[in-house]
Structure formats: structure tokens, C-alpha cells
Amino acid sequence: MQNVNMGIGFTVQMQTTCDRCGGRGKISSGNCSNCRGNRVQQTSKTLQIEVERGMTDGQTIVFRGESEQSPDYFPGDVIFYLRQMKHPLFERKGNDLYMDMEITLKEAILGFKKRVKHLDNHYVEVESNKIIQPFEVKQISQEGMPIHQLPSVKGDLYIKFIVKMPTKLNEQEKEFIKKIFA
């Protein structure tokens, strides 16, 4: 119990934790050189995090009972929240990946064969033998993100084709196109 003077003539009696013993009711006769009487020694610990294939944005990795420890209470958990970084080529939606691919007008009409470097450094073959309309989307199955805890099953890759049109034509090219589409 502690008496606290609140002003002229006012004294309040409050129950507080003892500064000397920390509320334990005992004071050690000599302090340990390592812990200085706190019964806890400061150390650092390295926690190794393994981000599994297919983990999503906002998912947590929990190390149970790894927070600060003291003889007076149970240690809590250390929780890491995953944040997904933006990628310059792919956008993730669930287990599916989306990307834009720029193709020329010639490739849109005559077809093409291209390779795309995937997130895990393997190459995905993208080809077409038909006429591609601007903003047409092609689905490639099993080339999306692996599903967490089922890494052999993957989402899909969706490719939106952006057709790059020529910026100018000379008169000979204009006449040739008029003949073709007549």
C-alpha cells in the first residue's frame, strides 16, 4: 500500500506493485551478474522463416511460444504476416496469374510463337495459329500459382493480348492493304 499526496489536505492510499521486489514479495540478497536480479537473461534468437509455395498475401507464419519469456508469465507467439510484392509482369488473383502480352498486327493476323519466363524461371510457350482480336484473353491451364499445401496443383495463367498497331503507313502500304481487304 502506498500513500499518495494529491494536493493540500488530500491523501489517497493506493495499491501498487513494489518497485524493489516487482510484486514477488522477496528481495534477493545478491544480484546475479548475468540477470541483475530479474531472473531473465537477455539473449537474441534467430527465427528461420520458410515461405511455402503458394502462400498468399496476408497469410501468417506463427512461431508458438517464441516471444519474450519470464518466469512470471507464459511466452506469447511471434507472428509474421506475408505481404505480396508487386511483380512487373504478373498479377496474382487467388491461384491464377494474369499478364498482358504485346503483339504486332502481323502476329495478330498471321500467328506467332513466343516464350514467357515464369516466376520460377521455367519458360511457358505461348503460340497462336488463328487471328487474335485486340484484348483477347488466352487461358493456359496449370501455369498459375501453386496451391498452398498442394504444390502439384496450380492455378491458370491468363494472357491478355495487346495488339500494337502501326503508327504510320506510306502510300504503297495503304494501297496494298486496300487490295487485301477489298
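**A walk through a predicted structure**

At 43% relative accessibility, glutamine 139 counts as partly exposed, because the partly exposed class lies between the limits of 20% for buried and 50% for exposed residues. The model in which this residue is seen is a predicted one. Glutamine 139 is part of strand 9. When neighbours within four places in sequence are set aside, the residues in contact with glutamine 139 are Asp156, Leu157 and Tyr158. With one of these, aspartate 156, the link is specific: a polar contact of 2.6 Å joins its side chain to that of glutamine 139. A further relation spans a long stretch of sequence, for glutamine 139 and tyrosine 98 are 41 residues apart along the chain, while their C-alpha atoms are 9.3 Å apart in space.

Strand 8 offers two residues for study. Glutamate 125 lies in this strand, and serine 128 has its place there too, in the run of residues 123-128. Which of the classes, buried, partly exposed or exposed, fits glutamate 125? Its relative accessibility is 41%, and therefore glutamate 125 counts as partly exposed. Serine 128 has a relative accessibility of 6%, so this residue counts as buried, given that the buried class covers values under 20%. On the arrangement of side chains in strands, one general remark is useful: in a regular strand they alternate between the two faces of the sheet.

The surroundings of the two residues can be described in turn. Apart from neighbours within four places in sequence, glutamate 125 is in contact with Lys113, Lys114, Arg115 and Ile140. Lysine 113 is twelve residues away from glutamate 125 along the chain, and the C-alpha atoms of the two are separated by 7.1 Å. Serine 128, when residues up to four places away in sequence are not counted, touches Gly111 and Phe112. The side chain of serine 128 also reaches the backbone oxygen of lysine 130, at 3.2 Å.

Beyond strand 8, the chain enters the loop that leads to strand 9 (137-140), and phenylalanine 135 is found in this loop. Phenylalanine 135 has a positive phi of about 65°, although it is not a glycine. As a general background, most residues other than glycine have a negative phi. Phenylalanine 135 has a relative accessibility of 55% and therefore counts as exposed, since the exposed class covers values over 50%.

A second positive phi appears in a hairpin. Strand 10 (residues 146-147) and strand 11 (residues 150-154) run antiparallel and are joined by two bridges. In one of these pairings, isoleucine 147 has leucine 150 of strand 11 as its bridge partner. How many residues lie between the strands of this hairpin? There are two, and glutamine 149 in this hairpin takes a positive phi near 70°. Glutamine 149 lies in the loop between strand 10 and strand 11, and it is not a glycine. With a relative accessible area of 64%, glutamine 149 is exposed.

The path then leads to helix 2, which comprises residues 171-180. This helix is hardly covered, for the count of buried residues among its ten residues is zero. At its start, a side-chain oxygen of asparagine 170 reaches to within 3.1 Å of the backbone nitrogen of glutamine 172.

The final subject is the empty space in the model. Rolling a probe the size of a water molecule over the atoms shows where such space is left. The largest pocket holds about 760 Å³ of space. Its lining consists of 29 residues, and those that lie nearest its centre are Gln84, Met85, Arg92, Leu119 and Met145. Strand 5 (91-93) and strand 6 (96-104) are the elements that give two or more residues to this lining. The greatest contribution comes from strand 6, with four residues. By class, the lining of the largest pocket comprises 13 nonpolar, six polar and ten charged residues.

The second largest pocket has a volume of about 430 Å³. It is lined by 15 residues, and the closest to its centre are Gln41, Thr43, Ser67, Glu68 and Gln69. How is the lining of this second largest pocket divided by class? It has five nonpolar, seven polar and three charged residues.

Conventions:
Residues are numbered from 1 along each chain as its sequence is written. This is a predicted model: local features need pLDDT of at least 70, side-chain atom pairs count only at pLDDT 80 or more; totals for chains, interfaces and linings use all residues. Side-chain values use heavy atoms; hydrogens and water are left out. Buried means under 20% relative accessible area, exposed over 50%, partly exposed in between (1.4 Å probe, protein chains only). A polar contact is a pair of N or O atoms within 3.5 Å; within protein, one must be able to donate a hydrogen and the other to accept it, and residues adjacent in sequence count only if both atoms are side-chain atoms. Contact means heavy atoms within 4.5 Å. Two strands pair if DSSP finds at least two bridges between them. On a 1 Å grid over the protein atoms alone, a cavity is a set of points where a 1.4 Å probe fits but cannot get out, and a pocket is an open set with protein on both sides within 12 Å along at least five of seven lines; lining residues have an atom within 4 Å of a point. Grid points are joined across faces, edges and corners, and a volume is the space filled by probe spheres set on the points. Ala, Val, Leu, Ile, Met, Phe, Trp, Tyr, Cys and Pro count as nonpolar, Asp, Glu, Lys and Arg as charged, and the others, Gly among them, as polar.
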